[in-house]
Amino acid sequence: MGTKRSAAAAFALGALMALPALAQDKPKELVVGIATFLSGPASVFGVPGRNAADLFFEELNAKGGILGVPVKPVYVDEGAGTNQLISEYRRVVQDQGAQVMFGAISSGSCNALAPVAEDLKVVNVMWDCGTEKLLENKRFKYVVRTQANATTVMVATVLYLLKMKPNFNSIAVVNQDYAWGRDSWEIFINTLRVFKPDIKVVAEMFPKLGASDFSTEISRLQAMKPDVVLNTGWGGDLDTFVQQAAARGLLKQSTFVLPLAESSMERLGAVMPEGVIVGGRGDHYFLHPKYKNSAEMQNFVKKYREKTNVYPIYPTFHMNQAVTGLAKAYEKAGAANGGKWPTKEQVIAAFEGLEFKSLTGTITIRSDHQGLEDQLLGTTKRVPEYPFAVYDKMALYPGKLVTTPVGEKSLDWFAKVKPDLVNDKSIETFDYSK
């Protein structure tokens with residue numbers, strides 16, 4: 001009899017111990033850690049991302065949060081350096097209970113954080129960084145990217161350059177000396193050589209990240225007079241380069257290709273001349289020819305300007321994709337889990353094959369956790385409606401057209417690209433209109 005009572009007591013105790021775990025399955029709040037530049041030259045890029053996150057999570061929480069759970073964003077300053085970033089990343093997960101992390105902007109940061117996310121078994125949404133090598137070289141379980149990588153951006157940029165200026169013979173590059181600057185140039189020149197095998201590279205310059213003086217690079221470009229100059233810089237680095245190059249008349253000497261300049265155009269104002277090829281790492285643009293008049297876009301632009309007194313730039317759109325994608329993944333995982341709060345493993349699995357609408361298009365997450373998004377490029381034009389340059393002669397490239405297929409490496413895929421891709425019928429074109 002004593003044995004039966006002991007067994008019954010043990011069973012009851014086990015059941016009671018299980019109850020709290022079941023009750024806590026649905027947390028009181030979902031903590032999302034967000035790595036972005038809050039200090040340093042790149043903060044002109046990172047702070048808009050934080051401002052947008054605040055807006056999007058406020059809207060999401062006003063509608064009930066994610067599966068009825070409010071979201072609490074916690075910010076980590078990417079500008080503090082890699083070692084401090086990793087330390088803070090771990091602290092937010094281990095001490096503040098973050099189930100999801102958004103990390104990060106810099107490709108170097110993402111290279112450092114992805115293995116940490118795997119170690120901590122935390123869902124990590126690469127909300128902005130572009131290095132294609134990260135997901136091509138290794139399959140991560142907990143890491144997903146809700147926007148395009150460097151290959152998509154650079155291939156689209158090459159196609160646009162060839163469409164707008166087919167007859168050029170020489171090129172120079174001035175890129176930041178870190179993963180993004182090196183990778184984007186590697187992709188660009190290897191793609192360009194498919195179409196122009198005899199292209200002459202007159203200079204390859206990689207000033208340090210955060211450089212404040214580009215006089216040496218500008219002097220070399222003035223002496224060499226390349227037909228085309230590529231700079232895939234962003235944030236304060238790009239602002240400074242364009243200002244210094246414009247002051248010395250360099251922007252009128254060569255065709256400049258600035259694939260990330262959308263994020264700098266309002267800050268540069270009248271400094272940015274007409275005729276510069278520009279983009280914004282995706283189809284993100286508050287004057288997007290297909291979506292600028294949508295209720296969602298107009299509402300976002302209005303709220304963002306009220307909060308910041310400036311127009312939204314492409315990192316704010318990338319943040320929209322990260323927040324929207326996360327909410328949709330949780331909804332998909334919850335539905336597959338019978339309406340119960342999903343595990344981290346179920347959430348990351350739900351990202352695969354996920355399609356969702358962003359402010360400017362539809363995002364698809366592939367089986368390799370890489371997001372597909374369209375690419376919008378244009379040529380700068382001065383108009384009376386804005387005190388800064390806008391896009392004209394725009395071309396919209398479908399993400400699938402300019403992204404390496406699943407399972408392939410970008411450098412191998414480039415060799416298969418056909419010359420007629422420049423005029424592919426799926427590419428839409430637009431001129432600027434009010």
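**Notebook: Asn-149, Gly-279, the sheet and the cores**

I opened this predicted model at Asn-149, and found that it touches Gly-130, Thr-131, Glu-132 and Gln-370, once residues up to four places away in sequence are left out. I then looked at the side chain: that of Asn-149 makes a polar contact with the side chain of Gln-370, at 3.3 Å. Where does Asn-149 sit? I placed it in the loop between strand 5 and helix 6 (150–164). Is Asn-149 buried or exposed? Its relative accessibility is 5%, and because the cut-off for buried is under 20%, Asn-149 counts as buried.

Strand 5 led me on to the sheet. I found five strands in an open sheet, in the order 2-1-3-4-5, with parallel pairing. Why is one side of strand 2 and of strand 5 left without a neighbour in the sheet? Strand 2 (71–77) and strand 5 (143–145) stand at the edges and each has a single partner strand, so there is nothing in the sheet on the other side. I also noted the turn between neighbouring strands of this sheet, which is 25° on average, direction ignored.

Next I checked one pairing inside the sheet. Strand 1 (residues 30–36) and strand 3 (residues 100–102) pair in the parallel sense over three bridges. Looking for the partner of Val-32 in strand 3, I arrived at Val-100.

Then I asked what packs on the sheet. Helix 12 (residues 314–336) does, touching strand 1, strand 3 and strand 4 (123–126). The direction of helix 12 makes about 160° with that of strand 3. Helix 13 (residues 344–351) packs on the sheet too, touching strand 4 and strand 5, and its direction makes about 30° with that of strand 4.

My next stop was the nonpolar interior. The largest nonpolar core has 125 residues, and those with the most contacts inside it are Phe-102, Trp-234 and Phe-351. I followed Trp-234 outward: beyond its neighbours within four places in sequence, its contacts include Phe-37, Ile-105, Gln-176, Trp-180, Leu-260 and Tyr-314. A second, separate core has 24 residues, among them Val-31, Leu-113, Ala-114 and Met-126.

Last, I visited Gly-279, which lies in strand 10 (residues 277–279). Gly-279 counts as buried, at 0% relative accessibility. What does Gly-279 touch, not counting residues up to four places away in sequence? I listed Leu-258, Pro-259, Leu-260, Ala-261, Glu-262, Leu-376, Leu-377 and Tyr-391. For Leu-258 I also noted the spacing: Gly-279 and Leu-258 are 21 residues apart in sequence and 6.8 Å apart in space, C-alpha to C-alpha.

Note on methods:
Residues are numbered from 1 along each chain as its sequence is written. This is a predicted model: local features need pLDDT of at least 70, side-chain atom pairs count only at pLDDT 80 or more; totals for chains, interfaces and linings use all residues. Side-chain values use heavy atoms; hydrogens and water are left out. A nonpolar core is a set of buried Ala, Val, Leu, Ile, Met, Phe, Trp, Tyr and Cys residues joined through side-chain atoms within 4.5 Å. Buried means under 20% relative accessible area, exposed over 50%, partly exposed in between (1.4 Å probe, protein chains only). Contact means heavy atoms within 4.5 Å. Two strands pair if DSSP finds at least two bridges between them. Helices (H or I, at least four residues) and strands (E, at least two) are DSSP runs, numbered from the N terminus. Axes are lines fitted to C-alpha atoms, for helices over the stretch in contact, and angles run from 0 to 180 degrees between N-to-C directions. A polar contact is a pair of N or O atoms within 3.5 Å; within protein, one must be able to donate a hydrogen and the other to accept it, and residues adjacent in sequence count only if both atoms are side-chain atoms.
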